Amino acid sequence: MASNNEFVLTRDVDWLGGFGNLAAKENRRWWRTRRWLVQSLVWLVIVNGLVAFVLWVSPIAAEQQGAADALPVGQEFALMALTVFLSTLGIAPAIGVVIIGQDAMINEKNNGTAAWVLSKPASRVAFVLSKLSGNALGILFSMILVQGIAAYLQIWLATGTTYPLLKFAGGLGLVYLSLFFYLTLTIMLGALSNSRGLAVGLPLFILFGYQFLALLGPWIVQIMPWNLTTPLGTSPTSLAMALVLGQPLPTILPLLTTALWCLLFTAIALWRFNREEF
Amino acid sequence: MAANSELLMNGNTGWLGGFPNLLKKENQRWWGTRSWWIQFVLWLVIINGVIFAIYKTPIEQMYGSESGDTNPADLEMMRMMQAKPELIGLIPYMRLAGMVLVIGVVVMAQSAMIAEKHSGTAAWVLSKPVSRSAFVLSKVAGYGLGVIGVMGFLLGAVLYGQIWLMTGVLIPPLAFVGMISLMLLNLFFYLTLTILLGTLFNARGAVLGIPFLLLFIYVIIPGIPSWLAAIMPWNLMDNLTYPALALSVVQGQPLPTIIPLVVTILWCLLFTGIALWRFNREEF
């Protein structure tokens with residue numbers, strides 16, 4: 001065989017083989033297309049639009065109806081806006097996370113690109129983890145950071161109230177953990193099945209079904225991520241809210257269990273995908 | 001050309017040309033496969049399972065009176081349910097049907113147009129003597145019949161029997177059918193919307209995201225304006241500006257308003273009309 005100056009032999013075929021390339025590809029899908037911009041704008045309009053409505057429109061409406069006295073003022077008003085922001089941020093973008101997550105695995109399996117990529121020196125573990133890491137980063141920026149910064153400025157402009165940046169970031173971190181739960185769940189379901197119905201339906205049912213599932217018992221609220229962003233059960237505030245306000249967390253169980261769920265879902269996705277036959 | 005006794009000239013190329021064949025294919029996709037009973041078992045477990053669990057839960061536990069902090073609205077709800085035990089199952093059913101069944105319909109219908117466009121089967125089918133209108137209408141009718149059959153008739157029959165067995169109450173059949181009809185109208189709104197979006201977009205994100213946002217926005221955003229609640233189907237199955245219309249119907253009470261009902265029907269017709277218009281302009 002003539003000497004080959006073009007190709008470089010890759011020995012990078014261990015359990016994370018090809019992760020660098022695959023992660024770069026996933027990142028390009030976010031940052032080299034309009035996806036990051038579209039997602040940022042959509043959730044800015046929905047989440048921060050609602051916050052703007054609460055801060056600027058509802059006082060005008062209340063004044064016109066002669067109910068201006070019923071509205072809180074100052075810090076209480078800021079607290080109301082913060083509550084709306086955190087609970088909406090924990091729910092609305094989760095829909096987007098589920099839709100993005102179901103596409104991540106199922107699309108590639110169905111149109112054959114997964115099989116094609118895995119015919120190259122890339123491990124299956126790297127394939128799944130690149131999906132997770134790429135989408136996790138995109139979601140962090142376009143569904144948490146942008147909206148968080150905007151909401152911080154909105155509340156400050158409307159009420160003059162500011163919150164300690166670190167605590168505010170901590171609250172956003174808990175919201176992000178909640179979204180990460182749905183991302184890992186959806187990717188796991190995409191690895192387990194080719195059914196989009198399952199990959200979309202089950203996470204959405206968990207997201208919105210808390211009002212029914214909570215009836216099964218208070219224990220279920222402790223092991224699911226709902227309480228991270230929504231006051232439930234015996235907690236007067238959500239955990240994210242308590243963190244932002246510098247209050248002691250009413251319970252840390254939902255935080256721990258959500259993190260454990262994320263690890264479990266990731267592990268199951270890796271285990272299952274390693275057994276996928278194309 | 002030699003006389004041809006095998007092939008028959010097809011003169012059926014009107015605006016609904018090929019509709020019977022396409023509808024037959026859509027129906028086969030539901031009733032000729034495991035689809036229909038998988039859907040049936042799935043919703044049976046989720047909806048009727050939750051209702052069963054609710055009936056086994058003491059009302060006081062559901063509305064928190066054991067802890068002594070029941071608010072007046074919950075107390076009122078509790079009294080209503082103690083007086084009419086069938087409502088213990090019907091009210092959660094309306095909420096569940098208004099949410100999880102819609103999720104199911106949207107997820108199923110999102111691939112109705114997009115999967116066929118992406119895989120090329122839409123272009124292939126339309127190369128045959130079938131009209132584009134027939135293609136779209138067969139999707140609406142096929143999915144619609146499946147939804148009516150499984151989510152309306154089968155699940156409704158199980159629910160009726162379940163409530164009778166668990167409470168001894170026989171809901172007046174006409175009132176019950178009225179409630180199921182409103183539930184189906186709610187589902188049809190999202191079905192036609194999703195099919196419309198499938199003709200407008202090639203990306204699943206928009207086809208899934210828009211119906212879900214519409215479905216959940218009144219839950220996420222507090223204080224929906226009454227005019228908006230009137231023109232959306234939310235008030236059909238859930239309490240908003242008015243008590244849920246389905247609740248009024250099943251209790252034999254006059255409807256507090258017919259605007260959401262009429263407007264939802266109009267939305268369904270509009271979505272279907274726009275889908276037909278758009279798909280007739282699709283280039284493959």
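Visitor: How much surface does chain A expose, and what share of it do carbon and sulfur atoms supply?
Guide: In this predicted model, chain A exposes about 13000 Å². The share of that surface supplied by carbon and sulfur atoms is 66%.

Visitor: What is the corresponding accessible surface of chain B, and which percentage belongs to carbon and sulfur atoms?
Guide: For chain B the accessible surface comes to about 13200 Å². The part belonging to carbon and sulfur atoms is 67%.

Visitor: How many helices and how many strands does each chain have?
Guide: Chain A has zero strands, and its elements run as α throughout from the N terminus on, with 12 helices in that chain. Chain B likewise follows a pattern of α elements along the sequence. Its count is zero strands and 13 helices.

Visitor: What box do the C-alpha atoms of each chain fill?
Guide: The boxes are taken along the principal axes. For chain A the box is roughly 85 × 45 × 30 Å. For chain B the box is roughly 90 × 40 × 30 Å.

Visitor: What percentage of the residues in each chain is buried?
Guide: A residue counts as buried when its relative accessible area is under 20%. Of the 278 residues in chain A, buried ones make up 51%. Of the 284 residues in chain B, the buried part is 50%.

Visitor: Which percentage of the contacts in each chain joins residues at least 24 apart?
Guide: The contacts considered in chain A are those between residues at least 6 apart in sequence, and 79% of them join residues at least 24 apart. In chain B, among contacts with a separation of 6 or more, residues 24 or more positions apart account for 75%.

Visitor: How far apart are the centres of the positive and negative side chains in chain A, and what is the value for the charges of chain B?
Guide: Chain A has 15 positive and 11 negative side chains, and the centres of the two sets lie 9 Å apart. Chain B has 15 positive and 12 negative charges, and the distance between their mean positions is 13 Å.

Visitor: Is F212(B) buried or exposed, and why?
Guide: F212(B) is placed in helix α9 of chain B, residues 204–220. Leaving aside neighbours within four places in sequence, F212(B) is in contact with residues including I95(A), V200(A), I103(B) and V107(B). Because its relative accessibility is 0%, F212(B) counts as buried.

Visitor: Which residues lie nearest the centre of the second largest pocket?
Guide: About 980 Å³ of space lies in this second largest pocket. Elements that give two or more residues to its lining are α3 and α7 of chain A together with α1, α2 and α5 of chain B. Of the 32 lining residues, those nearest the centre are S195(A), G197(A), Q39(B), V107(B) and M108(B).

Visitor: Which elements give two or more residues to the lining of the largest cavity?
Guide: The structure holds two cavities of 30 Å³ or more, and the largest cavity has a volume of about 50 Å³. Among the residues lining the largest cavity are G90(A), Y182(A) and W226(A). The elements that give two or more residues to this lining are, in chain A, α3, α6 and α10.

Conventions:
Residues numbered from 1 in each chain as written. Chains lettered and ligands numbered in written order. Predicted model: local features only at pLDDT ≥ 70, side-chain atom pairs only at ≥ 80, totals over all residues. Heavy atoms only, no water. Helix = DSSP H or I, 4+ residues; strand = E, 2+ residues; numbered from the N terminus. Buried < 20%, exposed > 50% of the residue type's maximum accessible area, 1.4 Å probe, protein only. Contact = heavy atoms within 4.5 Å. Areas by Shrake-Rupley, 256 points an atom, 1.4 Å probe, with all protein chains shown as cover. Lys, Arg positive; Asp, Glu negative; His and termini not counted. Charge placed at Lys NZ, Arg CZ, Asp CG, Glu CD. 1 Å grid on protein atoms, 1.4 Å probe; cavity = no way out; pocket = protein on both sides within 12 Å on 5 of 7 lines; lining within 4 Å. Points joined across faces, edges and corners; volume = space filled by probe spheres on them.
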